[in-house]
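Please take a look at the model below. This report walks through its chains, their helices and the contact between them.

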Amino acid sequence: MTNKLEKLPKDSFERITIDSTQAEKISKPSLSFWQDAWLRIRKNKAAIVSMFILIFIVFMTFAGPFMVKHDPEAVKVSHANLPPKVPGLEKLGIFDGVGKLGSKTVNLYELKKIDTYYWFGTDSLGRDLFSRLWKGTQISLLIAFVAAFIDVVVGVIYGGISGYYGGRTDDIMQRIVEVLIGIPTLVIVILMIMMMDSGIWSIIIAISITGWIGMSRIVRGQVLKYKNQEFVLAARTLGASDRRIIGKHLLPNLMAIIIVNMMFTIPTAIFFEAFLSFIGLGLQAPKASLGTLINDGYKFISYQPYMLFFPAFVLSLLMIAFNLIGDGLRDALDPKMKD
Amino acid sequence: MAKYITKRVVYMFISLFLIASLTFVLMKLLPGSPLASAEKLSIEQREVIYEKYGLNDPIPVQYIRYMGNLAKGDFGISFQYKNADVMTLILKKLEYSVILGAQAIVFGTVIGIVLGMIAALKQNTIWDYGSTIIAILGISIPSFVFAVLLQFIFAVELEWFDVGLWNGWKSSILPSIALAMGPIAIAARFIRTEMIEVLGTDYILLAKAKGANWFEIAFKHAFRNALIPLITVLGPLAAGLLTGSLVVEQIFAIPGIGEQFVKSINSNDYAIIMGTTMFFSVFLIVIILIVDILYGIIDPRIRLSGGSK
């Protein structure tokens with residue numbers, strides 16, 4: 001051992017002296033909370049892949065309907081129930097327009113003398129399912145985003161007021177929440193949707209009518225935790241108004257938990273929209289959403305399974321992506337995970 | 001504890017009262033009448049029927065009568081099914097839904113616990129990743145998507161089961177599996193996290209030091225402690241199952257409460273809708289209450305009254 005050590009070249013070692021003037025130097029670059037979170041989420045492959053999938057789906061919901069020349073809501077009965085047919089892929093024996101007619105398997109495009117392509121096929125009224133799928137996804141996402149946004153706004157305001165002012169205000173507000181939380185979401189959503197005419201807004205309202213409660217409870221808990229800490233006391237001593245303390249000091253501390261919660265609210269909203277559409281309380285034709293498309297597809301499951309597969313696949317993909325991003329964000333925004 | 005339970009029960013009744021009032025108001029506001037599809041009735045006949053069912057009384061009178069009947073457990077009579085008593089109708093259909101729900105929750109939690117334990121004991125191996133993927137799929141994908149896929153694969157393509165037909169216990173297999181996916185995922189995730197935490201504690205180290213074998217550590221020490229918090233998710237799990245069962249029963253044509261409920265929504269059968277809504281609410285609220293109380297009894301470390309204060 002000792003012999004080997006002596007053989008090592010002397011110049012590969014460097015003498016380090018402790019320099020007291022450098023003791024306070026920070027070797028790692030100072031990162032803001034969000035930079036730090038970004039560094040951490042970048043390591044989470046599942047979340048990053050999900051983010052790309054999500055961006056792709058969002059892009060397709062806008063670009064998709066323009067990629068084919070068929071209108072998503074145009075009815076063309078002579079083109080009804082066509083299986084998918086994609087140029088190029090048809091030569092490989094998939095997406096070649098071959099489907100069942102009764103018990104026989106025939107090329108329905110040749111049979112009906114149709115020379116256009118329906119990439120994902122058509123439904124029973126001859127509407128193009130490709131453009132319908134992306135239009136439907138767009139509406140589902142819109143419902144989910146708006147519902148989640150309402151949940152956040154109402155939840156943060158309610159929870160913030162309740163937690164910040166405390167005392168009697170808090171008591172009354174919390175009693176109300178305790179009663180409301182007892183009402184099952186399923187029941188209230190169905191009742192609300194039945195009362196209003198079915199449409200995008202009634203679905204949004206039905207979903208958010210109890211959706212904000214979870215958010216408000218979390219925000220209240222966080223506000224209670226932060227409002228008695230020294231930095232708030234310091235701000236108050238310096239004469240900051242309530243509005244300034246809430247906006248500048250408390251809210252930034254709550255951002256992480258609000259965002260994480262929102263990421264889990266969105267898939268729940270997507271689910272409830274699809275669920276309502278499936279039991280017949282959702283959007284009415286010719287409008288489409290993922291739920292109505294799945295419902296339509298389900299009716300023809302024995303003959304045209306592709307009608308079900310594409311929307312079911314996109315729905316599942318969206319739900320998985322949001323859940324994984326939510327998981328990733330929760331880990332990344334957890335201050336205890338700092339590395 | 002007694003004080004806590006009393007408080008919770010009081011809130012439970014306020015919630016139920018609110019739901020009951022809300023169902024009543026909504027049903028009165030709703031467009032459409034149960035007689036709308038009976039076109040052959042003349043106006044006089046319609047009046048007679050309205051009179052008979054008390055639909056001509058002032059709204060407050062109807063409300064008080066409705067609440068009074070509810071308190072007695074009388075949900076009124078169905079407008080559609082030959083004047084069948086709603087309570088009897090629900091109880092008759094309950095059997096199928098209970099079989100389905102019970103199978104799903106038992107199957108789901110058992111498989112979920114096994115998956116979660118494998119994942120925790122073989123952390124960061126292919127087993128762990130596999131069970132994590134199953135858990136993510138189970139949490140993300142709605143049960144009705146599983147239901148239609150299962151039906152397509154096993155009933156339509158492979159023809160192992162009948163399509164859209166209730167034919168004894170065999171018909172409950174596919175829907176139970178579809179409903180169990182959620183519980184599997186939640187239980188697996190939960191048990192994994194809890195087990196990993198418990199396995200890192202000092203008493204597990206002590207057990208190892210004393211020479212306890214792997215099996216004893218996993219089951220006698222870690223598993224039992226990891227299991228307690230699982231009770232807390234049983235409440236939300238039941239709510240999820242109920243939501244799922246509405247659609248899954250529809251898909252597999254199971255003559256349960258969920259299917260009945262959806263049917264009634266589409267035919268404006270107020271009495272059944274109100275009755276089923278109340279039934280669901282009572283069911284869920286009571287389950288969540290029981291779960292909370294159970295948790296307090298089993299794990300004395302949890303101080304229920306504290307909450308966020």
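In chain B, take the contacts between residues at least 6 apart in sequence: 74% of them join residues at least 24 apart. For chain A, the matching figure is 71%. Both figures come from a predicted model.

**The two chains**

Chain B holds 12 helices and 0 strands. Its pattern along the sequence is therefore written with one symbol throughout: α-α-α-α-α-α-α-α-α-α-α-α. Chain A has 12 helices as well, but adds 2 strands. Read along the sequence, chain A runs α-α-α-β-β-α-α-α-α-α-α-α-α-α. Of the 339 residues in chain A, 41% are buried. In chain B, 36% of the 309 residues count as buried.

**How confident is the predictor?**

For the complex, the predictor gives an ipTM of 0.77 and a pTM of 0.80. Chain B has a mean pLDDT of 79, and 89% of its residues reach 70 or more. One stretch of chain B, residues 304–309, has a pLDDT below 50. That stretch makes 7 contacts in the model beyond near neighbours in sequence. Where pLDDT is low, predicted coordinates should not be read in detail.

**Annotated spans**

UniProt, in an unreviewed entry, places the feature "transmembrane region" at residues 46–68, 139–164, 176–194, 200–219, 254–283 and 303–326 of chain A. For chain B, an unreviewed UniProt entry lists the feature at residues 9–30, 96–121, 133–153, 173–191, 227–252 and 272–295. The table takes some of these spans and sets out what the model shows there.

| Span | Distance between end C-alpha atoms | Helix | Strand |
|---|---|---|---|
| Chain A, residues 254–283 | 35 Å | 83% | 0% |
| Chain A, residues 303–326 | 37 Å | 88% | 0% |
| Chain B, residues 173–191 | 25 Å | 100% | 0% |
| Chain B, residues 227–252 | 33 Å | 88% | 0% |

**Helix 6 of chain B**

Now for a single helix. Helix 6 of chain B covers residues 143–157, which is 15 residues. What span should it have at 1.5 Å a residue? The expected value is 21 Å, and the end C-alpha atoms are 20 Å apart, so the two agree. The helix is not straight throughout: a kink of about 30° is centred on B:Gln151.

B:Gln151 is also one of the buried residues of helix 6. The others are B:Ser143, B:Phe144, B:Val145, B:Phe146, B:Ala147, B:Val148, B:Leu150 and B:Ala155. What do these buried residues pack against? Their partners come from both chains. Chain A supplies helix 10 (242–278), helix 11 (290–299) and helix 12 (306–332). Chain B supplies helix 7 (173–199) and helix 10 (230–251). Just after helix 6, B:Glu159 takes a positive phi of about 55°.

**Where the chains meet**

The contact between the chains takes 39 residues from chain B and 33 residues from chain A. On the chain B side, the elements that give two or more residues are helix 1 (2–29), helix 5 (126–140), helix 6, helix 10, helix 11 (257–266) and helix 12 (270–298). Which of them gives the most? Helix 1 of chain B does, with 10 residues. What classes of residue make up this side? It has 29 nonpolar residues, 10 polar residues and no charged residues.

**Helix 8 of chain B**

Is helix 8 of chain B buried or in the open? Helix 8 covers residues 202–209, and 0 of its 8 residues are buried, so it lies largely in the open. Just after helix 8, B:Gly211 has a positive phi of about 90°.

**One residue up close**

B:Val233 sits in helix 10 of chain B. How many C-beta neighbours does it have inside 10 Å? The number is 17. A residue needs 20 or more to be buried, and 12 or fewer to be exposed. B:Val233 therefore counts as partly exposed.

Leaving out residues up to four places away in sequence, B:Val233 touches B:Ile186 and B:Phe190. B:Thr6 is 227 residues from B:Val233 in sequence. In space, the two are 22 Å apart, C-alpha to C-alpha.

Note on methods:
Residues numbered from 1 in each chain as written. Chains lettered and ligands numbered in written order. Predicted model: local features only at pLDDT ≥ 70, side-chain atom pairs only at ≥ 80, totals over all residues. UniProt positions renumbered as here; feature names shortened; annotations may be inferred. Helix = DSSP H or I, 4+ residues; strand = E, 2+ residues; numbered from the N terminus. Expected span 1.5 Å × (residues − 1). Bend = angle between axes of the 7 residues up to and from the residue. Contact = placed C-beta atoms within 7 Å. Nonpolar A, V, L, I, M, F, W, Y, C, P; charged D, E, K, R; others polar. pLDDT = per-residue confidence, 0-100.
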